[in-house]
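Student: I should like to learn how to read a structure of this kind, feature by feature. Could we begin once it is displayed?

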Amino acid sequence: MRDLAGRALDRALRNGVAYADVRVIESRERHLSTKNGKIGHISANESAGVGIRVIAAGCWGFAATDDLTSEGLERAAALAIAIARSGAAAKKADVQLAPENAYQITWSSPTVVDPFAISIDQQIGLLLQVDAELRRNPGVTLSEASMDFVRSRQVFASSLGSLIDQTRTTSGCGFCAYAYQDDAIQKRSYPNSFGGQFQLKGYELVQELDLPGNAARIAEQAVALHSADQCPEGEFHLILDSSQLGLQIHESIGHPIELDRVLGSEANYAGTSFLTLDKLNRLRYGSELVNVVCDARLEHGPGLGTFAFDDEGVPAQCTPIIQDGQFVGYMTSRETAAAIGQPRSNGTMRADGWARIPLIRMTNVSLLPGRQTLDEVFDVDHAIYMETNRSWSIDDKRYNFQFGCEIAWEIRNGRRVRMLKNPTYSGITTNFWNACDAIANRDHWTLWGVPNCGKGQPEQVIGTGHGASPARFRNIRIGAGYAG
Amino acid sequence: MPGSSVESDLLTRKDCEQTFHYAQQAARERGVTAIELLLEASSHALTRFANNAIHQNVAEQSRRASVRVIVDGRTARAATNRLDRDSLSRAVDQAIEVAKSLEFDPDLLPLAEPRAIADCNRFFASTAECSPEERARVVAEAIGVVESAGQTTAGAYSTAQTTEAILNSRGVFAYHSETLARFSITAMTADSSGWAKASSPDRLAFDPLELARRAALKAELSRAPREIMPGRYTVILEPAAVLDLVGQMFGDFSATALEDRRSFLAGRLNQKLFGENINISDDVYHPLQAGPAFDGEGVPRRRLALVENGVPREVAYSRAAARRAGVEPTGHGFPVPNEFGEAPVNIVMQGGDATIDDIIASTDHGILVTRLWYIREVDPFEKIMTGMTRDGTFLIEAGRVACGVRNFRFNQSLIELLNNVDLMMPAERAAGEEAFDMVAPGLRARNFNFTEVTRF
């Protein structure tokens, strides 16, 4: 692969090319699922290809191919250059990049148990065990369980002289129980919705999560929701579990701090951001309890956004985003950092495979733990506690959001007094984060994986990490999803 | 007019036969005779612009082979993007290894048998041969339109060709090549925006400059937006908004979803559910539709009357779901094995004969919506969807566009929406961002539920 990357780079470096980088990627995937006691899907996928990115005539050009012959590389390099030159027809200024060093390194993410070394029948056997446990509850009308494993090796080579060979292994697993009753559908998931938990780990993730041990409880809750009261509408204190808070961070902090959005690059599709440049170091994003970082380093944890180098050869970094409630940082690339006069990219450029260009993507955007115990977070006269995302939506500048959760409980004097169904909450981003008055400590902090974040044209789907512990917010609008 | 019948150079019929031969030979050497091969090849190019300049400009070419084997009542799939003999042989090995590790499945069907498949010719050389220079020229002109209005623009112009084929050891050989062009543009002022988008197999079937003018006009008309109270309003949804909202419900028109009791149609088929004026079909043969006329097992698609005069009638059946129900498959199955079964993907919603001007002129008080955004399901059985308006939301008063308004969040049941439609425009090929492109009309509906307003 290193040789291939070198040959591709050689072909890209022709007269008039000011910069070039190539990414050669080989990936292997295994996806397994069960449904109602049977195999849902089972597939093993392999892919290999190269993406070549150049700056010529002051413009970007990119071409990707799975034809890894000399002729294929030649064609792709020539196409990337031709595409770049065509961009001069609508150019305002030459692309400028913040400086970066050259690196030669080989890095692999740590895994304890290779998921591809575990037999498929063992993995399917575990899913079927979970499935059987869910369906032991007669109220469960649909049971689903899944595992996903990806190993991707990428060799990055650039005209700066970098040669970076990275291998990442990610694992994911989870299950859900549906209960259909009386013209309503209720659902519970473990450990999170939409596929469960995903991390930069091997099969040890599956072992740690004890899927079978949680199945009976989740099935019981799915059925019990039909007897629960409808979540009330009004203003209440709100407590969120860490998985829902992870998605809240993703949507209302992670996306608006993408500097390419701020600068207008995504205006036609994913949208822009309310965090215009004048707000840097001036906006009170949240209460003084709120501290958020964007951290791709392994020290932060085994997140879907953990790596050694980003996809334009910049080392993983920890960037403060919100300090004591104050907005202090964006996620940047070499191009956007230069555009706002910052000396260096903070390393957040990531691509969805070899066929797509890197874009600014969340790495691990995490809310740092607070100081309260979990009992202290729940120590309130009256609140609504919500768990596990069911729906999520936010406007294209990332102000107004609405989330729905699978389950809620009414809290009175620190104790759960009744289960509530169909909970939703909504608000304006900065009002919400300024209403934060309690965050649980590190004992309750989890680095969640969001495997399906979409951005860009053509759309790229990538995994992001979000650490959070349960937190409390004052006077939040609850119930709008079912109002009116 | 459809283009000439073209066999794509990306993946010819002969390539398909050769590749299948490799896979079949590898399987036979391991004693496996039941084999299915899905082949895909695509070439996609996209020129993206923002801040009145091209900023991302890309092309990708890829292929994929996905092999399924059946071994003693067990099936599994393996995929690779390398189509050489060794890579295919490895994929066959993987599929066999996985299949052998599974339990016997008494419900597993044999591979599909060959059936006649109609030719849906959707390949246009104008799109397939579009050069980077041509895309850049069109983009530069579109930027000029918006820039000359004193506005800023962003958007994307893409051209693509794809080939899909399915071959199996019982003789199925289904093959389809098509092209697709898309142009999307957003025009922005300091406090407003407008948007327009079109898609077609033939890039010459739409005019990017007209789309640029439309986006710029919407941005101009929505300057200085007023904030008005959320609540129940008469709403005029342009075709893209209809597509993105109504398009959220068709996954439920699936026999497997009904069996699983995750469809909102459970207990509601053949009963009046929507207004009398709602008629929706799935029709891959419609001249404004796209995609192959066969499904993930090579079964020919047939037209489905999904909703007739407000009554949900037909749903899609894969081969497996059809066998369980004792009916014929409809040609909407996903590649096997999968847990979702099937879904209609070529939606045609019948329109009316009102023009957008007619609808506005006859509306005393309402909201005109260009586009919706970030639509998600709040309630799966009442089909309550939430989302935001975006890029051109207007107050209509006394039959005229009064002003732009700040964008709303809605929480709206699709069942209720489709009971409240009173006027429709003729159906067109609509392009959005939240659902498959479909043939859909703009429409007016009463009592649309806007629940919150945002800050722009």
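Tutor: The discussion below takes up helix crossings, the contact between chains, and some local backbone features.

Tutor: Please keep in mind throughout that this is a predicted model.

Student: How do the axes of α4(B) and α5(B) cross, and at what angle?

Tutor: An angle under 35 degrees counts as roughly parallel. The axes of helix α4 (residues 132-148) of chain B and helix α5 (residues 208-221) of chain B cross at roughly 25° and come within 9 Å. The two helices α4(B) and α5(B) are therefore roughly parallel to each other. In handedness, the crossing of α4(B) past α5(B) is right-handed.

Student: Which residues of α4(B) and α5(B) meet?

Tutor: From α4(B) come B:V138, B:E141, B:A142, B:V145 and B:V146, and they meet B:P208, B:L209, B:A212, B:R213, B:A215 and B:A216 in α5(B). Sorted by class, this contact holds 9 nonpolar and 2 charged residues, with no polar ones.

Student: Is α1(B) roughly parallel or oblique to α2(B)?

Tutor: Once more, one begins with the angle. Helix α1 (residues 13-29) of chain B and helix α2 (residues 85-100) of chain B have axes that come within 9 Å and cross at roughly 50°. That angle makes α1(B) oblique to α2(B). The crossing of α1(B) and α2(B) is right-handed. In α1(B), the residues B:T19, B:Y22, B:A23, B:A26 and B:A27 meet B:R85, B:L88, B:S89 and B:V92 of α2(B). By class, the contact has 6 nonpolar, 2 polar and 1 charged residues.

Student: How should one describe the size of an interface, and how many residues does each chain contribute here?

Tutor: The size of an interface is often given as the accessible area lost when the parts come together. Here a residue count is available: 74 residues come from chain B and 71 residues from chain A. On the side of chain B that touches chain A, the largest share, 11 residues, comes from strand β2 (residues 53-71) of chain B. That side of chain B comprises 31 nonpolar, 23 polar and 20 charged residues.

Student: In which sense do β3 of chain A and β2(B) pair?

Tutor: Strand β3 (residues 59-65) of chain A pairs with β2(B) in the parallel sense, over 4 bridges. Within β2(B), B:V58 is the bridge partner of A:F62.

Student: Where does B:L10 lie, and is B:L10 buried or partly exposed?

Tutor: A residue is buried if 20 or more other C-beta atoms lie within 10 Å of its own, and exposed if 12 or fewer do. B:L10 has 18 such atoms, so B:L10 is partly exposed. B:L10 belongs to the segment before α1 of chain B. Setting aside residues up to four places away in sequence, B:L10 touches B:A41, B:S43, B:Q161 and B:T163.

Student: Which peptide bonds should I inspect for the cis form?

Tutor: One joins A:Y190 and A:P191, with omega about -5°; A:P191 sits in the loop between β7 (184-190) and β8 (197-199) of chain A. Another runs from B:V336 to B:P337, with omega near 0°. B:P337 is in the loop between α8 (319-325) and β11 (347-349) of chain B.

Student: Where are A:N36 and B:N447 found?

Tutor: A:N36, whose phi is near 45°, lies in the loop between β1 (17-35) and β2 (38-56) of chain A. B:N447, with a positive phi of about 60° although not a glycine, is found in strand β19 (residues 443-453) of chain B.

Note on methods. Residues are numbered from 1 along each chain as its sequence is written. Chains are lettered from A and ligands numbered from 1 in the order in which they are written. This is a predicted model: local features need pLDDT of at least 70, side-chain atom pairs count only at pLDDT 80 or more; totals for chains, interfaces and linings use all residues. Axes are lines fitted to C-alpha atoms, for helices over the stretch in contact, and angles run from 0 to 180 degrees between N-to-C directions. Angles under 35 degrees count as roughly parallel, over 145 as roughly antiparallel, 65 to 115 as roughly perpendicular and the rest as oblique. A crossing is left-handed if the near helix is turned anticlockwise from the far one by less than a right angle, and right-handed if clockwise. Two residues are in contact if their C-beta atoms, placed from the backbone, lie within 7 Å. Ala, Val, Leu, Ile, Met, Phe, Trp, Tyr, Cys and Pro count as nonpolar, Asp, Glu, Lys and Arg as charged, and the others, Gly among them, as polar. Two strands pair if DSSP finds at least two bridges between them.
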